[in-house]
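I opened my notebook to look through this model one small piece at a time. Come along and check each entry against the picture.

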Amino acid sequence: SNKAGSCALTRAPVMADADEIDFDAVEQLLEGGDAPAKESTGKDRDRDRRRRSRSRTDEAEKQRRALEKERKEEERKQKQFEDERQKAMEQAKREDNTVVVMCLNHKAGEREIYEFFSQQAGKVRDIQLIRDQASQKSKGIAYVEFYLQEAVVKALACTGRPLMGVPIRVQASQAEKNRATQAAKLAQAAPVDIPIRVHVSGLVGNLEGVSETEIQKLFSPFGDIEFIDLQRNPATQKCSGSCYIQYKKAADAREAMQAMNGFSLAGQEIKVELVQATQLTAGLAPGLALTGMGGGAMPGGLLALGGLGGFGGAGLGGFGGLAGLGGLGGMGGQQIAPMAPTNNIRLTNMFNPKSPDIMSDPDFFIDVKEDVKEECEKSGPVHQVWVDQKSSTGQVWVKFATVIAAQAARTSLNGRWFAGQQIMAEFVTDQTWESSVAG
């Protein structure tokens, strides 16, 4: 019996009949086992909904921040524009309340000028006395700014009255005219204010030995030059007859073309044309006559203060330079007969023959000579400077090493201001030089 029981224990289990299976329990078991998966799926959906909601919120926040940033930037630009407008209005008002005083006694300082105009005109706001950069001596020109426009009218009436024994000249700053001229020039240059090149031809004969430095001195008064490409003969290394000059601004290139096209240099007539910019020449005839004395088309760089002290500056009557160059119109736009350039120029109104400083200052003429030589050497080598101490028009004669240097100096100095007087520069022949200077 034990053997039978043992066999019974090891016998494989007998499968229950189909009638004995509890199908409800099996179904419940299956449903219970799938519950966690269903619960996980629901959590994933909730998480996706929260993520989408958060994404929409973030996008709205980004848009709000972008709009806020744009609004602040617009407010900043508006404030900047308003500040600049107010600053421009204030500057214009100050310029309108400023006069230019010329022919001052060289010993007159800011204090003497302040006391004179405070008594004669009204309350003075500021004084700028033009001095020589090296010696710090007065150049006879000062800008006087008043608080009220009424004082300007009274100051203009002071012309001819003596200040420290010397009659002075007072004129308005012409600020309104200068602003209009500058605005017109900017408006004209704005559409094509880009680097542009001019072609200079006719550099033959006496001009074969011309160098880039001489070309630079001749054309730089019209504006900033980026480079000069001088065409050379490979065999002789001399100029082959032409060169290219690239200006930083198209307006400066146009001025150079208008002023120098057809100009006679060392017996040779040169031709200046714009390169690849035919649209700029529309309506502009080569060799167009230029007006001086307030002509806004002249190169503004020649109006800056510096060099011979008190040159140019706003309100000093404009620029009369290039008068008589190749038949160009000069003072008042009148046509002046051209003269062939030489190595010699004569500068008139370089000093006032009636100035008391001539008697009191033993170095007066020496200072004038040194100032003129220093300024002229910026255009090229100077051989000799002679001050005509007996001249009734304050003449100084200068002999240069080359014709091109003399031409560059004449272009730079003619019509500018020195010691309260406007300079007139003109060429003189070697015969005139010998008879006047050597004689």
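Below are my entries, grouped by what I looked up.

**Entry 1: what kind of model**

I note first that this is a predicted model.

**Entry 2: helix α3**

I began with helix α3, which covers residues 110-120. Which of its residues are buried? I found Ile113, Phe116 and Phe117. They lie on the same side of α3, because they cover an arc of only 85° around the axis. I then turned to the other side of α3, where Arg111 and Gln119 are exposed. For Arg111 I wrote down a relative accessible area of 61%, and exposed means over 50%.

Arg111 also has a partner, since I found a salt bridge between Arg111 and Glu115. Their closest N and O atoms are 3.3 Å apart. Glu115 and Arg111 are four residues apart in α3, so about one helical turn separates them. I remembered the rule behind this: an α-helix has 3.6 residues a turn, so residues three or four places apart point the same way. Glu115 is partly exposed, at 37% relative accessible area.

**Entry 3: helix α6**

I tried the same look-up on helix α6, residues 212-219. Its buried residues are Glu214, Ile215, Leu218 and Phe219. Where do they sit around the axis of α6? They fall within an arc of 120°, so they line one face of the helix.

**Entry 4: salt bridges**

How many salt bridges does a search of the whole structure find? I noted 19.

I picked out Glu68 and Arg71, whose side chains meet in a salt bridge with 2.4 Å from N to O. Both belong to helix α2, which runs over residues 23-96. They are three residues apart there, about one turn of the helix. Glu68 is partly exposed, with a relative accessible area of 27%. Arg71 is partly exposed too, and its value is 39%.

Next I looked at Lys271 and Glu273, whose side chains meet in a salt bridge at 3.6 Å, N to O. Lys271 counts as partly exposed at 42% relative accessibility, and Glu273 counts as partly exposed at 35%. I also found Glu61, Arg64 and Arg65 joined into one network by salt bridges that share partners.

**Entry 5: a patch of negative charge**

Which residues gather in a patch of negative charge on the surface? I listed Asp363, Glu370, Glu374 and Glu377. I followed Glu377 a little further and found it in the loop between α9 (364-376) and β14 (382-387). Glu377 counts as partly exposed, because its relative accessibility is 41% and partly exposed covers values between 20% and 50%.

**Entry 6: two positive phi angles**

I reminded myself that most residues other than glycine have a negative phi. Then I looked up Gln237, where phi is near 65°, a positive value. Gln237 has its place in the loop between β8 (225-232) and β9. At 48% relative accessibility, Gln237 counts as partly exposed.

Asn349 went into my notes as well, with a positive phi near 70°. I found Asn349 in the loop between β13 (344-348) and α8 (357-360). Its relative accessibility is 24%, so Asn349 counts as partly exposed.

**Entry 7: distances between C-alpha atoms**

My last look-ups were about pairs of residues in sequence and in space. Lys249 and Ile225 are 24 residues apart along the chain, and 8.7 Å separates their C-alpha atoms. Lys249 lies in the loop between β9 (239-247) and α7 (250-260). Lys249 is partly exposed, with a relative accessible area of 44%.

Val382 and Ala406 are also 24 residues apart in sequence, and they are 8.8 Å apart in space, C-alpha to C-alpha. I placed Val382 in strand β14. Is Val382 buried or exposed? Val382 is buried, because its relative accessible area is 14% and buried means under 20%.

Technical notes:
Residues are numbered from 1 along each chain as its sequence is written. This is a predicted model: local features need pLDDT of at least 70, side-chain atom pairs count only at pLDDT 80 or more; totals for chains, interfaces and linings use all residues. Side-chain values use heavy atoms; hydrogens and water are left out. Patches are made of residues with over 30% relative accessible area and no salt bridge: like charges are joined within 9 Å, nonpolar side chains (Val, Leu, Ile, Met, Phe, Trp, Tyr) within 5 Å. Accessible areas come from the Shrake-Rupley method with a 1.4 Å probe; for residues, only the protein chains shown count as cover. A salt bridge is a side-chain nitrogen of Lys or Arg within 4 Å of a carboxyl oxygen of Asp or Glu. Lys and Arg count as positive and Asp and Glu as negative; His and the chain ends are not counted. The place of a charge is taken as NZ of Lys, CZ of Arg, CG of Asp or CD of Glu. Buried means under 20% relative accessible area, exposed over 50%, partly exposed in between (1.4 Å probe, protein chains only). The arc is that of the directions from the helix axis to the C-beta atoms.
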